[in-house]
Every structure is written in structure tokens, then in C-alpha cells.
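Let's take a walk through this fold, starting from the sheet and working outwards. Keep the 3D view open as you read.

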Amino acid sequence: MKLWVLRHGEAQPRANTDAERKLTAHGREQVLHSAARLLGQPLQAIVASPYIRAQQTAALVHAALGLAEPVYTVPWLTPESDPQQVCTELGHLGLSHVLLVSHQPLVGSLVCLLAHGHSQHPAPLSTASLAELEGDWPLAGLMTLRALHHPE
């Protein structure tokens, strides 16, 4: 399995709710830079948080890659979601090449959990950072962090 974890691009600092924060122009540029790293990858699905900035990030990647499959929106990719639950849900998807689009602190904790078996030292994913993991199954400690890219 190959799993990519993308943190949304830079977002507005304020909105009525955290879920309503939108990407800034700089955030859109960051996302397009990260999307370029996914060109040529055999992605089967983009799975995203329902928050607006994650939806906008996923839509930009989807368009940049020209994928036929729609973006899947799930409630288990919000900032405070449980990384272990995400692993369980990933296993249920039954896909082998997936991009997750979500938020801190979830993305840092998830990458750490998958690569090291714990989430005590979350991976440092800034806005639009992209982590690439590989392994047989999305279980704690059973995946290898192949790369961690930060937008320029």
C-alpha cells in the first residue's frame, strides 16, 4: 500500500467556525506545488476532511491530476480525529494507493503512528506538506515513511 498524507494549504486565520476557513491565494499555490509531486502516481482515491480548506485542497489536487474518481469526503479526517480510527477506516477502504487530505494535529500524529507505532512525536507537517508512506497494511508501526515534502 502507498499512502500519501497531505495537510491542507495555508488558510485564512479566521472564519465563523474553524471548519469554514478557506484557503488563501498563497495556500492554493502551496497545494499546486505539492500536487506536482503526485503526477504519475497511480492514485485510486483522494479522501478528504469535510472542512472547507481541506475540500479546496482536495479539489485543487484532483483537478491538477485529472483524476476521474470523485473526492471522497469522510468525517474521520478532522483535526481532532483519532489516528487509530483513521488506520481502521483506511483498512476498510480496501485501496492500495490513497491520498488523505486533512489537518494538524491529526496528520502529524497519523504519520508518526503509522511509521513508528506511536504518536508521541508527531511529524512536522506544515501547510501543504506531503508525506509518502509505504507498507503492507495501514497499521501502527507497519509503514515506512519514504518522503516528507514541504512546499517551497
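What follows is a tour of a predicted model, going from the sheet to one helix, two loops and the nonpolar cores.

## The sheet

Six strands make up an open sheet, and reading across it the order is β3-β2-β4-β1-β5-β6, with mixed pairing. At the edges sit β3 and β6 (143-149), each with a single partner strand, so one side of each has no neighbour in the sheet.

As background, strands of a sheet pair through backbone hydrogen bonds, and they do so either parallel or antiparallel. Here, β4 pairs with strand β1 (residues 2-7) in the parallel sense, over six bridges. Leu3 is a handy place to look for this pairing, as it stands opposite Val98 in β4. Strand β2 (residues 45-48) also runs parallel to β4, and four bridges join them. In that pairing, Ala45 has Val98 as its bridge partner, while Val47 is partnered by Leu100.

## Strand β4, buried on both faces

How many of the six residues of strand β4 (residues 97-102) are buried? Six of the six are, so the strand is largely enclosed by the rest of the structure. His97, Leu99 and Val101 point one way, Val98, Leu100 and Ser102 point the other way, and all are buried.

Leu100 shows what that looks like from a single residue. Leaving aside neighbours within four places in sequence, Leu100 is in contact with Leu3, Trp4, Val5, Leu6, Val47, Leu77, Val86, Leu90 and Leu110.

## From β2 over α2 to β3

β2 follows a similar theme: Ala45 and Val47 point one way from the strand, Ile46 and Ala48 point the other way, and all are buried. On to the edge of the sheet: β2 and strand β3 (residues 72-73) run parallel and are joined by two bridges. Ala48 has Thr73 as its bridge partner in β3. To get from β2 to β3 the chain passes through α2, and this β-α-β crossover is right-handed.

Now for the helix itself. With 14 residues at 1.5 Å each, helix α2 (residues 52-65) should span 20 Å, and its end C-alpha atoms are indeed 20 Å apart, which agrees. Which residues of α2 are buried? They are Arg53, Ala54, Thr57, Ala58, Val61, His62 and Leu65. The spacing fits the general rule that an α-helix has 3.6 residues a turn, so residues three or four places apart point the same way. The buried residues of α2 pack against β1, α1 (25-36), β2 and β4. Just after the helix, Gly66 adopts a positive phi of about 65 degrees.

## Two loops worth a look

Ser49 sits in the loop between β2 and α2. Is Ser49 buried or exposed? Its relative accessibility is 0%, so Ser49 counts as buried. The side chain of Ser49 reaches the backbone nitrogen of Tyr51 at 3.1 Å, and a polar contact of 2.7 Å joins the side chains of Ser49 and His103. Not counting residues up to four places away in sequence, Ser49 touches Ala54, Gln55, Thr73, Val74, Leu77, Thr78, Val101, Ser102 and His103. The C-alpha atoms of Ser49 and Tyr72 are 8.7 Å from each other, with the two residues 23 residues apart along the chain.

The other loop to check is the one between β1 and α1, where Thr24 lies. Side chain to side chain, Thr24 and Glu10 make a polar contact of 2.6 Å. Thr24 touches Glu10, Ala11 and Gln12, again without counting residues up to four places away in sequence.

## The nonpolar cores

In soluble globular proteins, nonpolar side chains tend to be buried together. In this model the largest nonpolar core has 25 residues, and those touching the most other members are Leu3, Val5, Val47, Leu77, Val86, Leu100 and Leu133. At least two residues of this core come from each of β1, β2, α3 (83-93), β4, α4 (106-116) and β5 (130-135). Which of these elements gives the most to the core? That is α4, with seven residues.

Apart from this core lies another, of 17 residues, with Trp4, Leu23, Leu43 and Ala58 among them. Ala58 brings us back to α2, where it is one of the buried residues.

Notes. Residues are numbered from 1 along each chain as its sequence is written. This is a predicted model: local features need pLDDT of at least 70, side-chain atom pairs count only at pLDDT 80 or more; totals for chains, interfaces and linings use all residues. Side-chain values use heavy atoms; hydrogens and water are left out. Buried means under 20% relative accessible area, exposed over 50%, partly exposed in between (1.4 Å probe, protein chains only). Two strands pair if DSSP finds at least two bridges between them. The expected span of a helix is 1.5 Å times one less than its number of residues. Contact means heavy atoms within 4.5 Å. A crossover is right-handed if, with the strands pointing away from the viewer, the path from the first strand over the helix to the second runs clockwise. A polar contact is a pair of N or O atoms within 3.5 Å; within protein, one must be able to donate a hydrogen and the other to accept it, and residues adjacent in sequence count only if both atoms are side-chain atoms. A nonpolar core is a set of buried Ala, Val, Leu, Ile, Met, Phe, Trp, Tyr and Cys residues joined through side-chain atoms within 4.5 Å.
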